[in-house]
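Work through the exercises below with the sequence and the model open. Each task is followed by a solution in steps.

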Amino acid sequence: MSLTESTDTKSEKPMSFIWGCELSSERSSYTFQMPEEWQCEQQLALRTICLGAQARDEFHVLELVPNEEGAAVPLATLKPSVLPMVTLVGVELTPPVTFRLRAGSGPVYISGQHVASKTPTHYQRGAWRRRSSREYST
């Protein structure tokens, strides 16, 4: 079943969670992946890539790294004085997805929606979970 299809039962309704991460010279790559116990269809829909206030006036290149062999794909080239932010439409990725700050020192913030075809158990209990020092999810 595709996440965009409508469903008849409430338990099959896709759930959407706000997602974000920060890349910088201290942490130049991040892999978005889901725990194995989440046995449902999932997507990461990217919405915004922007520079932090501390970003130097240099080019910051963010790229998507393939899971297998192949060349990395640039997603955005940002510079504070020219283009500090981009809005993305239609960029929906299936985990695992790796982002890398190829050039620049950041910080670069990536945000979007994590969409799952059903609610994972720890979200059903209403728990807030901070998955890592630079990734947040509700």
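**Exercise 1. Strand pairing**

How many bridges join E4 to E8, and do these strands run parallel or antiparallel?

Solution. Before starting, note that this is a predicted model, in which local features need pLDDT of at least 70 and side-chain atom pairs count only at pLDDT 80 or more, while totals for chains, interfaces and linings use all residues. Residues are numbered from 1 along each chain as its sequence is written, and side-chain values use heavy atoms, with hydrogens and water left out.

Step 1. Strands (E, at least two residues) are DSSP runs, numbered from the N terminus. Two strands pair if DSSP finds at least two bridges between them.

Step 2. E4 and E8 run antiparallel and are joined by five bridges.

Step 3. Within this pairing, Glu63 stands opposite Arg100 in E8.

**Exercise 2. The sheet around this pair**

State the strand order of the open sheet that holds E4 and E8, and find its edges.

Solution. Step 1. The sheet has four strands in the order E2-E8-E4-E5, with antiparallel pairing.

Step 2. E2 and E5 each have a single partner strand, so they stand at the edges and one side of each lacks a neighbour in the sheet.

Step 3. On average, neighbouring strands of the sheet are turned by 20° against each other, direction ignored. The axes behind this angle are lines fitted to C-alpha atoms, and angles run from 0 to 180 degrees between N-to-C directions.

**Exercise 3. Salt bridges**

Find the salt bridges in the whole structure and describe the exposure of the residues that form them.

Solution. Step 1. The criterion is a side-chain nitrogen of Lys or Arg within 4 Å of a carboxyl oxygen of Asp or Glu. A search of the whole structure gives three salt bridges.

Step 2. Glu63 pairs with Arg100, with the closest N and O atoms 2.6 Å apart. This pair links distant parts of the chain, since Glu63 lies in strand E4 and Arg100 in strand E8, 37 residues apart.

Step 3. Arg102 also forms a salt bridge with Glu63, at 3.9 Å between the closest N and O atoms. Arg102 is in strand E8 and Glu63 in strand E4, 39 residues apart. Glu63, Arg100 and Arg102 are thus linked in a network of salt bridges.

Step 4. Apply the accessibility classes: buried is under 20% relative accessible area, exposed over 50%, and partly exposed in between (1.4 Å probe, protein chains only). Glu63 is buried at 4%, Arg100 is partly exposed at 30%, and Arg102 is exposed at 59%.

Step 5. The remaining bridge joins Arg56 and Glu58, with the closest N and O atoms 3.9 Å apart. Arg56 counts as exposed at 51%, and Glu58 is partly exposed at 25%.

**Exercise 4. Leu23 and the cis peptide bonds**

Which residues does Leu23 touch, and where are the cis peptide bonds?

Solution. Step 1. Contact means heavy atoms within 4.5 Å. Not counting residues up to four places away in sequence, Leu23 touches several residues, including Leu62, Phe99, Arg100, Gly106 and Pro107.

Step 2. Gly106 and Pro107 are joined by a cis peptide bond, with omega about 5°. Pro107 is in the loop between E8 and E9.

Step 3. A cis peptide bond also joins Pro95 and Pro96, with omega about 0°. Pro96 is found in the loop between strand E7 (92–93) and E8.
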